[in-house]
Amino acid sequence: MPLLPSGLVVPPLAHLAALIVGTVTVTAFLLALEPRVRQRHVLAFTPWMVAGAVAHGLHQLDRTVYPTWAEPLFGAPAVYVTAFVALGAVWASLAFRASLRTDEDQVARDLGVTGTVALLGLLVFASRQETLVAGEPLWSLAGVVITVPVTLGVYFGMAYFTTDIVARTRLVGGLVIFAHALDGITTAIGIDALGTGERSPLPRAIMDVAGSLPVAETIGVGWLFVVVKLALAVVLVAVFADYLEAEPTRGNLTFAAIIALGLGPAVNNVVLFALRNSGTAAAIVG
């Protein structure tokens, strides 16, 4: 399909069935428990988002890092469902425990801690794979370092011109800006500095437009994608700010989804820059 990224693969029937059953089961438990979702919960989701992106990046670099039976779970788009089932299972367990103890305050903290432990375990696992070697880690670091002041600049600018929106969205609004800024900046680095390919058609189309401009030879083509991503992030924060205030649970879940759509591809880019397969040279961003 022309609007979908390349490389999407439907997992085998057994894995697809397992993912469907897992998703339905986890969703049913969460709907029954009705756990609170506040901004601190969205923050607790982020290590799980990062872990999912790292897991998929390792799969792109070398599918053999996972056992044969598990490998299809980490391709795209299956990895998104795998990450959700893992997060949902832990979240439902913590919410159930909290309901027995009438203590909901610890759920976000414990959810964030378990996600961080899962992420650290995945990084240790990656470091022990002999087929993975250092790629361009400085460019990965540069992407993160550049993103921080860009995020602060954009969000402080929003705070100046639209104080009410920032007052309502606070942490999750800033995370949206950061996630999509990191996606745009790492994609631009990959295209202009590292000469990688872009597997998603819409970013490719945007950069094709930038390539037709006179400045393309001097500043590259990735800058326009960064501008578009930042503009989109600002619009999304502004559009859903009222919804966040009116429906805190659904609003925070909506912001979590928006953050994941930016942070997932961004972290995937960072992984692909930092590591490479010892027998493969190039990475595909997006």
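**Exercise 1. Leu33 and the H1–H3 pair**

Is Leu33 buried, partly exposed or exposed? Work that out, then describe how its helix packs.

*Solution.* Before starting, note that this is a predicted model, where local features need pLDDT of at least 70 and side-chain atom pairs count only at pLDDT 80 or more, while totals for chains, interfaces and linings use all residues. Residues are numbered from 1 along each chain as its sequence is written, and side-chain values use heavy atoms, with hydrogens and water left out.

Step 1. Get the cut-offs straight: buried means under 20% relative accessible area, exposed means over 50%, and partly exposed is in between (1.4 Å probe, protein chains only). Leu33 has a relative accessible area of 26%, so it is partly exposed.

Step 2. Place the residue. Leu33 sits in helix H1. Helices here are DSSP runs (H or I, at least four residues; strands are E, at least two), numbered from the N terminus.

Step 3. List its partners. Beyond neighbours within four places in sequence, Leu33 is in contact with Ala92, Ala95 and Phe96, contact meaning heavy atoms within 4.5 Å. Take Phe96: it is 63 residues from Leu33 in sequence, yet their C-alpha atoms are 6.9 Å apart.

Step 4. Zoom out to the helices. Two packed helices are described by the angle between their axes and the distance between the axes. For H1 and H3, the angle is about 35 degrees and the axes are 9 Å apart. The axes are lines fitted to C-alpha atoms, for helices over the stretch in contact, and angles run from 0 to 180 degrees between N-to-C directions. On the H1 side, the contact includes Gly22, Val26, Phe29 and Leu33, and on the H3 side, Val81, Gly88, Trp91 and Phe96 are among those taking part.

**Exercise 2. A greasy patch**

Which residues make the nonpolar surface patch of about 500 Å²?

*Solution.* Step 1. Know the rules. Patch residues have over 30% relative accessible area and no salt bridge; like charges are joined within 9 Å, and nonpolar side chains (Val, Leu, Ile, Met, Phe, Trp, Tyr) within 5 Å. Areas come from the Shrake-Rupley method with a 1.4 Å probe, and for residues only the protein chains shown count as cover.

Step 2. Name the members: Val10, Leu13, Leu16, Ile20 and Val24.

Step 3. Check one of them. Ile20 is in helix H1 (residues 13-33) and counts as partly exposed because its relative accessibility is 47%.

**Exercise 3. Salt bridges**

How many salt bridges does the structure hold? Walk through three of them.

*Solution.* Step 1. Side chains of opposite charge can pair when their charged atoms come close. The test here is a side-chain nitrogen of Lys or Arg within 4 Å of a carboxyl oxygen of Asp or Glu. The count is 7.

Step 2. Start with Asp110 and Arg97, whose closest N and O atoms are 2.5 Å apart. Asp110 lies in helix H4 (residues 105-127) and Arg97 in helix H3, so this pair ties together parts 13 residues apart in sequence. Asp110 is buried at 14% relative accessible area, while Arg97, at 31%, is partly exposed.

Step 3. Move on to Asp164 and Arg168, which meet at 3.8 Å, N to O. They are 4 residues apart in helix H6 (residues 163-193), so about one helical turn separates them.

Step 4. Finish with Asp183 and Lys229, with closest N and O atoms 3.0 Å apart. Asp183 belongs to H6 and Lys229 to helix H9 (residues 222-246), so the bridge links parts 46 residues apart in sequence. Both Asp183 and Lys229 are buried. Salt bridges with shared partners also join Asp164, Arg168, Asp242 and Glu245 into one network.

**Exercise 4. Backbone oddities**

Which peptide bond is cis, with omega near 5 degrees? Then look at phi for Glu34 and Arg170.

*Solution.* Step 1. Most residues other than glycine have a negative phi, and most peptide bonds are trans.

Step 2. The cis bond runs from Ala76 to Pro77. Pro77 is in the loop between H2 and H3.

Step 3. Glu34 has a positive phi near 50 degrees. Glu34 sits in the loop between H1 and H2 and is exposed, at 64% relative accessibility.

Step 4. Arg170 also isn't a glycine, and its phi is positive, about 45 degrees. Arg170 lies in helix H6 and counts as exposed at 53%.
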